[in-house]
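Here is a friendly walk through some surface patches, charge pairs and a bent helix. Please keep the sequence and the model open side by side as you read.

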Amino acid sequence: VITLGLSRDPDSQTGAFRFNDLDWKQHYMSHLKPLGLNTLLNTHCSFGAYPGTFGVRTVYCGDKMEGESQRLSNHDICMCLLGKTIGFREGVLDQFEPVAVIHRIQHSVEVEAVDPTHKDMKPNRVDVFTHMQSATVRDASSGRMQLLSKGDPELVLRFCSRSFHGTGIQPLSDNEREEILALTKKWSAYTCIAFSYKPIGGEHASVLLRAGSAQMTEVDREAFFEDVQQDEIYIGMIALRQLPRYEVPTAIEALDAAGVRFVHFSSESEGKSKMFAHKLGLECDWNSSICLHGDEVAHDNTPARLPRGIASIRQHLETVDNVPLLVSLFYECSPTAAREMIKIFQENSHRVCCVGNTLLLNNALTFMQSDVTFGFVPTPTLCLNTEAQADPRLSQDVVEEDGAVSITSTNFAHAPTTGALAADLSSLPCAGVFDSRGSFSLLLTMIVEARSLLVTSSQSLRFFLTCSVLLWLSLLLAQVCLLPTLLPGYLIVWFMVVVIPLLSLQLLFARHERDIRTDIPDLSPFDRPAVKRHLKYLAWQTIPTSVVVVFCFALTLGLVWDDASVGGVFGFIEAHDDPGYREAVLIAQHFIAVGFVGFIMCMSFCYIQRKEPLLDGLRPSTQYWSPMWVASAVASILSQLLIMGVALNTSVPRLAARGWPVIFVFVLWPLAICGVEFWIKRKYSVWYDKNQRYLRLEFNTKLGMHSPVSPFADRWM
C-alpha cells in the first residue's frame, strides 16, 4: 500500500492541491490516473463543462433509511482540483456522457466495547450506515461504458475482487484488504473515501442505457444492481479532514477568557468531531464530549459515565451532576437534538448565542430557539474550481431542471439569486449576518461592546436611582425638621426631567473597563446579601449628603433673612406673612438648588467607572476622562445658575454678601463625596475580584459525580 501526502498549495489563489512528495510524477503518475478520472466523473462538479450527475437517473438500493437521526456520510465532495493536479485539463471530459447513478446503503449494528473494570456498564448498540455511490458513464467516441464507484472503504471493498497497481490488475488479496481496513481505522478521524471502477458491457450495458431496470420488480432490481457492482477493481483511497478558519481558534480562546463557553454541535462521528474540535482549540478529554445520537436513556462506556443521547441529558442533570452543561463538544447530533440541547441550556439559566450557516434550512429553527443569533453566509459552491464573486450570497443561483436541483452561475448586476433569498429568509431571526469574508473575531468585538453597554447602562440607572433617592430624602428630611419647602415644584420637575437624566446619559459614553474582556458574567440571582450590600452603599451615598443639603438650606435661610431666629427658621414661629421671609425662602431654595447640582455633578464623575481607582500610581487615571461628562456638567451648572439669576434678580448681591459660609460648604463637601464614593468603590472592587475568582474556578471546573479522585486529595482536607 502506497501512501501519499496531499495538502493545499499556499501559493495558489484558487486553493489547488499539491503532493508533498516532489517526485510523485516520476513514481506514481500511472497509479493516480484512474483515481483522478474517477474523482472528476463521479461528482456534481462542473470541471471541464462536464454536466456531472445533474438530471441523471438516480437509483437507491440496499437498506432503507428512515428518520433524520440516521447518519449517512456525504461522499459527494468536489475533487476537481485533485484531478487538475494529477494532470487532467478542462474539456477532457467532454467525450463522456452520464447514464445513471446508483446509491447503495448498507446497515449494520456495532456494539461498543465495555471497560471490564466497570461491571455495571451495558454495551451500547450503534446503528452504522455505510454508503457507496456508483456512476455509470459512456464514452461517446467508443461507445464503451464504465462503472465508477466511491464510498465507505468497507462497502467498496466488499464489491472489489481485484486491484490496480499502476502497471496492471491483480487479485485483491486478504492481506491487502486487512491493510486497507487497518489504515481506515487508523484514519478514523478523517473522511475516508475508497474508489473503484469496472468496465460494463453486454446485457448490463443495454439495460442501463434503455433504463430497463425501471420495469423490474424490487427484488429483481436489487439482484441486477448487485450483479452490476460485483467484481470491481480497487484503485485507491483518499482521506480528508476539515480545518477551521485560521482566526477561529484565537477567537474561541478569547471567548473562553471572557467567560463565554464555546460549544460545537457536530453531526459527524466521535473521531472526526474530536479531530475538528481539537483544531478549534476545544477540550476533548474524557469528560468534555457527549454523543446526542439515540432516543433511549443510556450512558457512555467511559469512566466519566456521561449521558448518551438527548433523552438522557435531563435525567442526568436531575439525578447526577451538571457536567452536560459544561462540555464543549456534542457529536452525532441531529438538528432536532441540537435545538433540544439549546432548550436545556436555557432551562438552566444559560444564555445561548448561536452562530451558524444561513444556507442550511434546519438552522432557521435553531436560530429561533436561541437567545441571540449571528449568521454566516458561506460561498454556496459545489466546485472548488469556481472562484467566489464579490458577494458570495449572490455568486450562484439554484435552478431546477428535470426534477434535479443544480447550482449555476449568475450575474450580480442583473438580479438577486434564490441563494441570496434563502440566506435572507433563514437569517431573519439573526441579530447580525456576516458573509464569508467576515471575521469571526467580530463576534468577540460585539460581545465586548454589549458588555460595556450593559455596564454603562447599569451605572446610569444606578446613578439616576441614587440621585432620585437623594432628592426625595432631602425633601423628606426638610419636612421632618419643619423647614419650609426645600425646593419649589418646578425645580423638582427640572431636576427629574433635565438635570439628573442629562448627567445619567453621559455615563453611557464612558470608556470600556480595562478587564471587560476577561470578566465572567455573574448569572446568580439577586439574593438577600446582594440586596443588603447595595442598600448599605446607597445609605452611605445619600444620607450624609441629604443632611448637608438640609443644613445648608437652613443656614442660608438664616443668613439672608433679616429677622431670622431659630424658631422662625425651623417653623416654631409663624412667619409666612412676612415678605422678607418669603424672599429669604426663595433665595435659599435657588441657592441650595445650585449646591445640589454641584453635589450630583461630583457623584456623576465618580460613577464614570464602576471599580477603577481615581489614581493610576501617582497620576490620575485616564479612564475617568470623559468629554461628555465635561459638557453635561458645564451645561447643568450654567443652566442652574442662569435659572437662579433670573429668579432672584436683584437679590443676588445680597446672597453673595451673606452666603459665603454656605459657599465654603459647597466647595468642601464634594471632596467628602469623592472620599465616600471611592471608599465604596474599593469595597466593591474587593468583593468583585473575589467573586470573579469564584466564577472563574466554577467556569473551568468540569468535575462530576464520576470524576476520578486524586490520591493526594487528603492533603488538602
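Leu453, Leu505, Leu508, Phe509 and Met628 make a nonpolar patch of about 480 Å² on the surface. Patches here are built from residues with over 30% relative accessible area and no salt bridge, joining like charges within 9 Å and nonpolar side chains (Val, Leu, Ile, Met, Phe, Trp, Tyr) within 5 Å. The areas come from the Shrake-Rupley method with a 1.4 Å probe, and for residues only the protein chains shown count as cover. Within this patch, Leu508 sits in the loop between helix H14 (489–505) and H15. Leu508 counts as partly exposed, at 32% relative accessibility; buried means under 20% relative accessible area, exposed over 50%, and partly exposed in between (1.4 Å probe, protein chains only).

A word on the basis of all this: the model is predicted, so local features need pLDDT of at least 70 and side-chain atom pairs count only at pLDDT 80 or more, while totals for chains, interfaces and linings use all residues. Residues are numbered from 1 along each chain as its sequence is written, and side-chain values use heavy atoms, with hydrogens and water left out.

The surface also carries a patch of positive charge, where Arg528, Lys532, Lys536 and Lys683 gather. Lys and Arg count as positive and Asp and Glu as negative, with His and the chain ends not counted; each charge is placed at NZ of Lys, CZ of Arg, CG of Asp or CD of Glu. Helix H15 (residues 528–560) gives the most to this patch, with 3 residues. Helices (H or I, at least four residues) and strands (E, at least two) are DSSP runs numbered from the N terminus. Arg528 belongs to H15 and is exposed, at 68% relative accessibility. Gly558 is also found in H15, and is partly exposed at 28%. The C-alpha atoms of Gly558 and Val569 are 6.5 Å apart, with their positions 11 residues apart along the chain.

Now to the charge pairs. Side chains of opposite charge can pair when their charged atoms come close. The structure holds 14 salt bridges, each a side-chain nitrogen of Lys or Arg within 4 Å of a carboxyl oxygen of Asp or Glu. Three of them are set out here.

| Salt bridge | N to O distance |
|---|---|
| Glu97 and Arg138 | 3.5 Å |
| Arg245 and Glu247 | 3.2 Å |
| Lys611 and Asp515 | 3.0 Å |

What does the bridge between Glu97 and Arg138 tie together? Glu97 lies in strand S4 (residues 96–111) and Arg138 in strand S5 (residues 125–139), so the pair connects parts 41 residues apart in sequence. Glu97 is partly exposed at 37% relative accessibility, and Arg138 is partly exposed at 25%.

For the second pair, Arg245 is partly exposed, with a relative accessible area of 33%, whereas Glu247 is buried at 10%.

In the third pair, Lys611 is buried at 12% and Asp515 is partly exposed at 24%. This bridge links distant parts of the chain, 96 residues apart: Lys611 is in the loop between helix H17 (579–606) and strand S21 (615–616), and Asp515 is in the loop between H14 and H15. Elsewhere, salt bridges with shared partners join Arg314, Glu340, Lys343 and Glu347 into one network.

Finally, look at helix H1 (residues 24–41), which bends by about 55 degrees at Ser30, with Pro34 following within four residues. The bend is the angle between axes fitted to the seven residues ending at a residue and the seven starting there. Buried residues of H1 include Trp24, Met29, Leu32 and Leu35.
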